[in-house]
Amino acid sequence: MTRALLPGTLEMLILQTLRHGALHGYAISQYIQQASEDVLQVEEGSLYPALQRLLRDGWVVAEWGTSSRKRRVRTYRLTPAGRKQLGREIAGFERLLAGISRVMRPVES
Amino acid sequence: MNPISRWLERRRVERDLADEMAAHLEERIEQLMDEGLSQEEARIRAQRQFGNVTSQKEKSREAWGWNGMERLTQDVRFGCRVLGKSPAFTVTAVTVLALGIGMNTAMFSAAKAVLLSALPYPEPDRLVEVWQTNKAGRFMDVSGPDFRDWRDQNRSMQYLASYYGDQVGLSGDFAPRRIRIGVVSIGFFESMGVPAAVGRLFSREEQKLGGVPVAVLGYDLSQLIFGPGAQSMGKSVRLDGMAFTVIGIMPPAFDFPARAQLWVPQELIPDPSTRSAHNYHVLGHLKPGTSSRLAQEDMNVIATQLAKAYIDDKDEGIKVVPLYDEVVGPVRPAFLILLSAVTLVLLIACVNISGLHLARATVRAKELGLRAALGAGRPRLIRQLLTEAVLLAIAGGAIGLALAMAGTAVLRHSAPANIPRLENIHVDISMLCFTAVLSIGAGLLFGALPAIAGSHTDVNEALKQGSGKGTAGPQLKRWGNALVVGQIGLAVVLLTGAALLLKSYWKLTHVDSGLRSSGVFTTDLLLPARLSTRLLKEVSALPGVQAAALTDVLPVREGGADGDFEIEGTPLPADPHQDSNAYYRLATSQYFRTFGIPILKGRAFDETDDRSPEQVATVNQTFAAEFFPGGDAIGKRIRFLGFDAKPQFMTIVGIVPDVRAFGLNKPAKAEVFGDLMQHAVLSLDATLVVRGPVSEQAAVRSVVTSLNRDTPVEFQSMDEVIAGTIARERFQTFLLSLFAAFALLLSAIGIYGLLSYTVTRRTSELGIRMTLGAGRRAVLVLVLSEGGRLVATGLLLGLLGAFLLSRTLASFLYGMKTTDPGSFVTVALVFGVVAMLGCYFPARRASKIDPNVALRYE
């Protein structure tokens, strides 16, 4: 990714993206770009190592399907463990955000 | 999961990953084309957005933890391919390493056998050697009566035994041979703590005057004379003609003292000797809980008492030395020198290969840049370079191990007999580990630095540069120069050491021994004394023989015995320490003629003297000058006090020149030659010397055996005998020269490698220079002077280092200083020539550059 993400953030974004249903890699990257209104320019390839890590940890499962353009693609689906992990990551992320906000507040005033 | 299904699983995952990445790209391209881009533009944009495919795959694999093995196999396979593609580099590096490692392993194995391993006895730390010391603190053998007092009065020794080594003729139902024996007292085997492997050791009944003569055999000797596995208990052997019954065999490694092959009890023969006759070695076995230091204090008390009680013991002391120091001490300095030298060699080898690697890694900058561009991270590049280094080290280590095995075999067989325990070296597990650690360590050492330097490569820079030129920054270049200067310096130090030893050895071999040794052969023999006249007559009558003589002590090989003497008409001093002292040897009339020793004054003794009751002697120049400075030695009468039961006066009839009787590097001492024929002894344990062609040896042998079939006859030329006395010097000089020659070669390779690389790197620059009018000569000089500067710097540093270090060699040098200017100049010249040869070839290549080709070299 070009706008540097904090380590592990990409995994969280993927989990979040998959919350609504199974998606294939290309769709995931499309979704993240669109949802962030192009603020997060993910170097698309880096999605795949992240997906492998999620697979390894059992937070997503993958199966081969067909894309809307009739191409054979692999779609990823959140597992219950992955859903719990997402919860933990969101909580952690919010704590982090809150911490950062507190530091930044004096500047605004 | 078994390896096969794991492999299948991985194949599947990798395929899936590749498929889905490809699908992703295609989706993107299609979408971009939908947005109106051309297919080509879409593809480029999609790829840019996706990033580096290889790198992403790599990271994905990392997620599964496969990369370790995967990358290692890859690195190894790739490393082998790369090394295979530059055979010159690979062969040089492996050879250098193999020789360095081989030499080190062999040398350290030898050091382990000789210096490090404990003495092969059950309680080596409790064994001590006890010496008597004279007023000057010089060690002396111990007199019989003193030994018996020590034994009875000490409180620190569990056992105290006396022993001495001797050489005797062994005969029986086998060919007679000369063997080394230990003549040992009660307590000797108890001290050593080693039981017999077969049979038994001496009983108290056998260890007394008039006991039944029995002998214990060494393992090797028993194999040799009775055959392997033969029953030898109870068999009879003759030692100098006297029959002994074999009662035991020692285990294979046991050969104390002095590589003894057989042991007999000392108590069989009476010891009437006095306190002034120093005949025995003394071995002590400390009581439990005692140290050699405490034992020393205990013995000091005894020494003080004895000094008060006996005039002979006045001013004499006792010194307790741990047996280990006694055995290893004399060779330790030489070994430490050789070990330092061989370590320097390995250091040079590592520096050398480090330099080779560095030069190569710099030239390879383009390749490395390309790999970085294709997605290899910096750690990965370092790993790759390290893998190559370790591959080289392993190959070098394996060949080095083979060399070391050959080397230890050579050392075992070529080592002089007076280096203790060297025959024990063998290739063992620890040596194997040593080699492995050494080779891997060397790999990391010479790999790490170049690898770190090499991986600094900036992708853009490297690719833009086109060729490898210019990618080596000044920093890297300086490092390369430092490596070359360093190895030249180290090599010069070694070379100087070798030059000093070589010169000293050369001087030693060209010392005038005072004997005309060539054309003389010799054998020890044992003969009833009454047959000696007949022996000499028959040998002298042989057609080729010019002269033959018998002597009790062979000059150069052995110094012989010294004793106090009295000059007729001069009263003896009250204090025996004030007596005149000289070395006393016996010889027959033709002795001087046989050795080509001229008579300076007077005459040699002859056959008339042999039959005359009036005893005669000749003396050497030193004796004449020392005791008769007025030049009036001839006609004077002297007698030695400690040798014969009834010493008679001998008339000095002649003066002979000095001979280096005590060794080539030792000055002559005062010597007296008595007429052997006038000193009737029952049995003659003597050495026969013959001036005549080697072809007469068979005839001489048959004369000797016809007189006594029990005596072993083992001929040696006198030159061999003399060479044998400097075997240790030869051994040390040979090894150090070998190391130095290798170091010289290495540094020549080093400078050659560096300059070749420089020339390659500067090809286009040199091309431009030549286009602009620089002549071939100018280019040659340019490159040569760059090399010359490095050589000169290294040479100066090395000579300076040698100047500082060479004093450690002082005790090994004969007749010269450690700062011998000739040696230093020679080293500088030899080194300069060889190193400049290393510079010349790259320089010539540079001068042959075709400017047209050079400029297209990009």
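I checked the length of helix α9 (residues 292-309) of chain B, a DSSP run of H or I with at least four residues, numbered from the N terminus. At 1.5 Å a residue, its 18 residues should span 26 Å, and the end C-alpha atoms are 25 Å apart, so the two agree. The expected span is 1.5 Å times one less than the number of residues.

This is a predicted model; local features need pLDDT of at least 70, side-chain atom pairs pLDDT 80 or more, while totals for chains, interfaces and linings use all residues. Residues are numbered from 1 along each chain as its sequence is written, with chains lettered from A and ligands numbered from 1 in the order written.

Next I looked up the buried residues of α9(B): B:Ser292, B:Ala295, B:Asp298, B:Met299, B:Ala303 and B:Leu306. Buried means 20 or more other C-beta atoms within 10 Å of the residue's own; exposed means 12 or fewer; partly exposed lies in between; C-beta atoms are placed from the backbone. The buried residues cover an arc of only 145 degrees around the axis, so they sit on the same side of α9(B). The arc is taken from the directions from the helix axis to the C-beta atoms. On the face turned away I found exposed B:Arg293, B:Glu297 and B:Lys308.

Then I turned to the chain contacts. I found 20 residues of chain B in contact with 17 of chain A (C-beta atoms, placed from the backbone, within 7 Å). The largest share of chain B's side, 10 residues, comes from α1(B).

Conventions
Contact = placed C-beta atoms within 7 Å. Helix = DSSP H or I, 4+ residues; strand = E, 2+ residues; numbered from the N terminus.
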